[in-house]
Amino acid sequence: MLTRLQTFARDARGSTAILAALTSVAAIGFAALAIDTGSFFYERRKLQTASDLAAIAAAGDIHRARAAALATLALNGYGPEALANVETGIYLPDPHLAPAERFTPGVYGSGNAVRVTAVTRTPLYFGRILMPAKAIAAGGPAGTVSVTDGVTVRTSAVAAAENTAAFAIGSRLVQLDGGLLNKLLGGLLGTSLTLSVMDYRALADTRIDLFGFSDALASRLGLSAATYDQVLSGSAKLPDVLLALGAAARANPGGGVAAAALERLAATIPVDRTVTLASLLSVGPYGSRTVGGPAPVSVAASALDLVSLLAQISNGQRQVQVGLDLGLPGLAGLSLQLAIGERPVGSAIIAVGAAGAVVHTAQTRLLLSAQVAGSPPAALVGLPLYLELAAGTARLAAIDCRPGDNAAAGVTLAVKPALVDAWIGTVSQSDFNNFGRPNIPGPAPLLNVLGLASVSGRAHVTMSNSTEAMLNFTADAIRAGTPQTVSTTDFTATLVSGLVGDLQLKVDVLGLGLGLPSGLDRAVAQTLQQATTPLDQVLAKLLAALGIGLGQADTWVTGSRCGGAVLVN
């Protein structure tokens, strides 16, 4: 037996055939690696190209995204079974987010972007010979999986429409009170204003094109080749800004009165007052354009709104204390203390952007101290009204661009009014200035009767909306600049009436209390009740001058632009 094995081992016949068989297996393996892998990558590249084109077509027609994707895939040789999924949603080009996180799926047919996922199979030629019963993995960024009779190739692409709209949040000045506006705006601007109601009416009626204004400001600042972002993000002297507004106002028919008012106002402003306009205005994707070119989209605001906003941001401490002699019946004196907080970082009150862009009002605190005249024993009652207003918000929810009819584009805004926290109470100066925490005022002294007794009280009401309201702006409303208003839904009475009705009074007897009138609490309540209507009017006017509605948010859209879709991921 041993001899036979030794003889077999020395026998070299047939070795070539064995080597050939082993070599053929290796050759088939190399062929599988070259041909099958090459086939897979070719098919994936082909399908990725088709996915890219389908996503671009779908993003260009959001309302018919699936149909557009199917048609594009068919033009590239793929049937309906190749379309695995079509998702519409919001794409935000935020560099702080990973590329995969910039697209958020939403309700089908809405948003500004589409993600298309396509799938197909490419056969194995030599791979099935080597591994007839096993699955093999073929990696890649699209996440492919292969099996014995072929490889499943899956690709996806995200495309976003370059649709933009210009929108704003604020409050309309329905009633113009020259004396009140002069006091309030003059206090914020650090000057004494003497503008007439006619001046204010002209400012309110004059629409300022904000691209034209930026061009005029760049010219005044000697910035000949600057971008819009550079002009808006730089520090500019407030008189120069007001004069640039005047130049933009003169470009409007009948804008001469407003321009003259702006020029007179600029002459009264301290030359060291500076502003950074980026906190008010964002031109979004057009910020990298050089000033002086044609406006890509209509962005406009009233001259009076802009003056009010400039007054707020030019005051270094964002605070003002003024006495208000308004001559209202029942009010013996009024004084106002105002503090304006910073807007959220990166936000503005007027903006150009795609779906997902947001504008905010500023957080505001207001202390209105009134002396209310009544009848003895409550002949003069003090009433401190303290208001905290959180930021109101408007989000650009959708731009409805119709292929072939860009002029008919509509815009949807999601709007939430500011939360209003209102008190009758006392708050310290340090707490008033500290925006880092909410305040809970203590009881306020309302009346002192000849040192014999005092009356104090506290009240609290809240106005808020917990959900966004969806506002649809038609093309006609956009062209007209027609605003829409969202109001709080959980507060029906006027603010001061609600506070006075909720007022909890406490009478403290001082000394012996001899000759103390009875019913002091009722007398105080009756006196304050008579002052609720004029005080509500004063609050409404004050907040309107600041671009804030009491429990309301006014929003408007001034222009929209429907552009082509581009591949973003």
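Here are some exercises with worked solutions on this predicted model.

**Exercise 1. Find how much of the protein is buried, and how many helices and strands there are.**

Let's start with the overall picture. The protein has 16 helices and 27 strands. Of its 569 residues, 48% are buried. Next, take the contacts between residues at least 6 apart in sequence: 77% of them join residues at least 24 apart.

**Exercise 2. Classify the ring pair of Phe 211 and Tyr 228, and say which elements hold the two residues.**

Step one is the search, which gives 2 aromatic pairs in the whole structure. Step two is the geometry of the pair in hand: the ring centres of Phe 211 and Tyr 228 are 5.0 Å apart, and the planes make an angle of 80°. Planes over 60 degrees apart count as edge-to-face, so this pair is edge-to-face. Step three is the location. Phe 211 belongs to helix 7 (residues 210–221) and Tyr 228 to helix 8 (residues 228–233), so the pair ties together parts that are 17 residues apart in sequence. To finish, check the surroundings: both Phe 211 and Tyr 228 are buried.

**Exercise 3. Find the residue that lies over the face of Phe 435.**

This one is short. The residue is Arg 365, at 4.7 Å from the ring centre of Phe 435.

**Exercise 4. Describe the setting of Ser 302, from its element to its contacts.**

First, place the residue: Ser 302 is in strand 11 (residues 300–302). Second, test burial. The relative accessible area of Ser 302 is 5%, and the cut-off for buried is under 20%, so Ser 302 is buried. Third, look at the side chain: one of its polar atoms lies 3.0 Å from the backbone nitrogen of Asp 305. Fourth, set aside the neighbours within four places in sequence; Ser 302 is then in contact with Leu 203, Ala 204, Thr 206 and Arg 207.

**Exercise 5. Characterise the largest pocket by its volume and its lining.**

Begin with the volume, which is about 810 Å³ for the largest pocket. The lining has 32 residues, and the closest to the pocket centre are Leu 92, Pro 93, Gly 353, Ala 354 and Ala 357. Now sort the lining by element. Strand 5 (150–161), strand 14 (350–353) and strand 15 (358–360) each supply at least two residues. Strand 14 gives the largest share, with 3 residues.

**Exercise 6. Count the cavities of 30 Å³ or more, then work out what lines the second largest cavity.**

The count comes to 4 cavities of 30 Å³ or more. The second largest cavity holds about 80 Å³ of space. Its lining consists of Leu 210, Phe 213, Leu 245, Leu 277, Leu 280, Leu 281, Leu 306, Leu 310 and Ile 350. Helix 7 and helix 11 (303–314) are the elements that give two or more residues to this lining.

**Exercise 7. Compile the surroundings of Asn 163 and Thr 555.**

Take Asn 163 to begin with. Asn 163 sits in the loop between strand 5 and strand 6 (164–170), and a relative accessible area of 8% makes Asn 163 buried. Not counting residues up to four places away in sequence, Asn 163 touches Gly 353, Ala 354, Ile 399, Cys 401, Arg 561, Cys 562 and Gly 563. Gly 60 is 103 residues away along the chain, yet the C-alpha atoms of Asn 163 and Gly 60 are separated by 9.4 Å.

Now turn to Thr 555, in strand 26 (residues 552–561). Thr 555 has 0% relative accessibility and counts as buried. Neighbours within four places in sequence aside, the contacts of Thr 555 include Ala 168, Ile 169, Leu 413, Val 415 and Phe 473.

**Exercise 8. Locate Gly 341 and Pro 377, and state the form of the peptide bond from Pro 376 to Pro 377.**

Gly 341 is in the loop between strand 13 (331–340) and strand 14. Gly 341 is buried, at 5% relative accessible area. From C-alpha to C-alpha, Gly 341 and Ala 391 are 9.3 Å apart, with their positions 50 residues apart in sequence.

Pro 377 is in the loop between strand 16 (364–373) and strand 17 (380–389). The peptide bond from Pro 376 to Pro 377 has omega near 10° and is cis. For background, most peptide bonds are trans.

Notes:
Residues numbered from 1 in each chain as written. Predicted model: local features only at pLDDT ≥ 70, side-chain atom pairs only at ≥ 80, totals over all residues. Heavy atoms only, no water. Phe/Tyr/Trp six-rings, centres within 6.5 Å; stacked < 30°, edge-to-face > 60°. Helix = DSSP H or I, 4+ residues; strand = E, 2+ residues; numbered from the N terminus. Buried < 20%, exposed > 50% of the residue type's maximum accessible area, 1.4 Å probe, protein only. Lys NZ or Arg CZ within 6 Å of the ring centre and 35° of its normal. Polar contact = N/O pair within 3.5 Å; in protein donor to acceptor, adjacent residues only side chain to side chain. Contact = heavy atoms within 4.5 Å. 1 Å grid on protein atoms, 1.4 Å probe; cavity = no way out; pocket = protein on both sides within 12 Å on 5 of 7 lines; lining within 4 Å. Points joined across faces, edges and corners; volume = space filled by probe spheres on them.
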